[in-house]
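User: Hi! I would like to understand the reasoning behind the labels used for this structure. Could you take me through them?

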Amino acid sequence: MEIHVITIFPEVFPPVLTVGIVGRAQRAGIATIFVHDLREHTHDRHRTVDDAPFGGGPGMVMRPEPLFEAMDSIAPAPGTPVVVLTPQGRPFNQRDAERLSAHESVVFICGRYEGIDERARTSLATEELSIGDYVLTGGELPALVIIDSLIRLLPGAMGHGQEAIADDSHTSGLLQYPQYTRPAEYRGKVVPDILLSGDHAAISKWRRREALRRTLTRRNEMLSVIELSAADNKMLEELREES
Ligand code: ADE
């Protein structure tokens, strides 16, 4: 997969994208990330990327020309998602991560200041995404968040951890069940017996129940979106009675 990022802060990206699973995926050729400095596409001495809004008002707006020229230099194939990161975007979720990671290439445009000129937005962007209902100083951190979530879904990126994806919170539509590792007892706190039993069917059932319990208590609204089996509904009924 090819990932392009257009930003006025290109130096933000390598420290994050060269480590861990994302760094390994890049070295293995699973993902290649190109960071484009928006100021390379300016033509004035001060390398200006912003200007005051027509009509007045506070703040600055990103000028259209550098954005159009940066996109010209990337020349994405038709159908390539071009994502503008903005707090006005649709809230990003795991389904978006799955959808975007299935593309050969994706372009991210990191907004700054009070936003980008409307002509650039409507001509260049195929979608606008937000990573949550709060305002950051720019789209760089949101782009990093989304890139991380895409790369871990690419075949081969997670190595032996790939099969864990199905159990991830949000992949299955439920929050993930509690996890334990050695030692089996620590400071008087013990691991549930069932996890030490070797009975895989019983362990699966316990995990499903605990995933339902967590989702019920923390994110009740998620339960109305996913398809639940009769067994799930029975467990939910029992969990509701317990509480
Ligand atoms: N830019 C500033 N805040 C943002 C947010 N919450 N999501 C995406 N881009 C942003």
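Analyst: Happy to! Please keep in mind that this is a predicted model. By class, eight nonpolar and four polar residues make up the shell around the ligand, with no charged residues.

User: How do you know which residues belong to the shell around the ligand?

Analyst: A residue counts if one of its heavy atoms lies within 4 Å of the ligand. Those around the ligand are Leu85, Thr86, Pro87, Leu129, Ser130, Ile131, Gly132, Tyr134, Val135, Leu136, Gly138 and Pro142.

User: What makes the approach of threonine 86 to the ligand a polar contact?

Analyst: The cut-off for a pair of N or O atoms is 3.5 Å. A polar backbone atom of threonine 86 is 3.1 Å from a nitrogen atom of the ligand, so the pair counts as a polar contact. Isoleucine 131 has a polar backbone atom 3.0 Å from a ligand nitrogen, and for leucine 136 a backbone N or O atom lies 2.9 Å from a nitrogen atom of the ligand. These two pairs therefore qualify as well.

User: How much of the ligand's accessible area does the protein cover?

Analyst: On its own the ligand has 260 Å² of accessible area, and the protein covers 97% of that. The space the ligand takes is the largest pocket.

User: Which elements give two or more residues to the shell around the ligand?

Analyst: They are strand S5 (82-91) and strand S7 (127-130). S5 gives the most, with three residues. Overall, the protein has eight helices and nine strands.

User: What makes the protein differ from a compact globule?

Analyst: Its radius of gyration is 22 Å, whereas a compact globule of 243 residues would have one near 18 Å. The C-alpha trace spans about 70 × 40 × 40 Å along its principal axes.

User: Why is the peptide bond from arginine 182 to proline 183 called cis?

Analyst: Its omega is near 0 degrees. Proline 183 is in the loop between helix H6 (140-151) and strand S8 (185-186). Most peptide bonds are trans.

User: And what is the phi of alanine 75?

Analyst: Alanine 75 has a positive phi of about 45 degrees, although it is not a glycine. Most residues other than glycine have a negative phi. Alanine 75 is found in the loop between helix H3 (64-74) and S5.

Technical notes: Residues numbered from 1 in each chain as written. Predicted model: local features only at pLDDT ≥ 70, side-chain atom pairs only at ≥ 80, totals over all residues. Heavy atoms only, no water. Polar contact = N/O pair within 3.5 Å; in protein donor to acceptor, adjacent residues only side chain to side chain. Areas by Shrake-Rupley, 256 points an atom, 1.4 Å probe, with all protein chains shown as cover. 1 Å grid on protein atoms, 1.4 Å probe; cavity = no way out; pocket = protein on both sides within 12 Å on 5 of 7 lines; lining within 4 Å. Sits in = over half its atoms within 2 Å of the grid points. Helix = DSSP H or I, 4+ residues; strand = E, 2+ residues; numbered from the N terminus. Nonpolar A, V, L, I, M, F, W, Y, C, P; charged D, E, K, R; others polar. Rg over C-alpha atoms; globule rule 2.2 N^0.38 Å.
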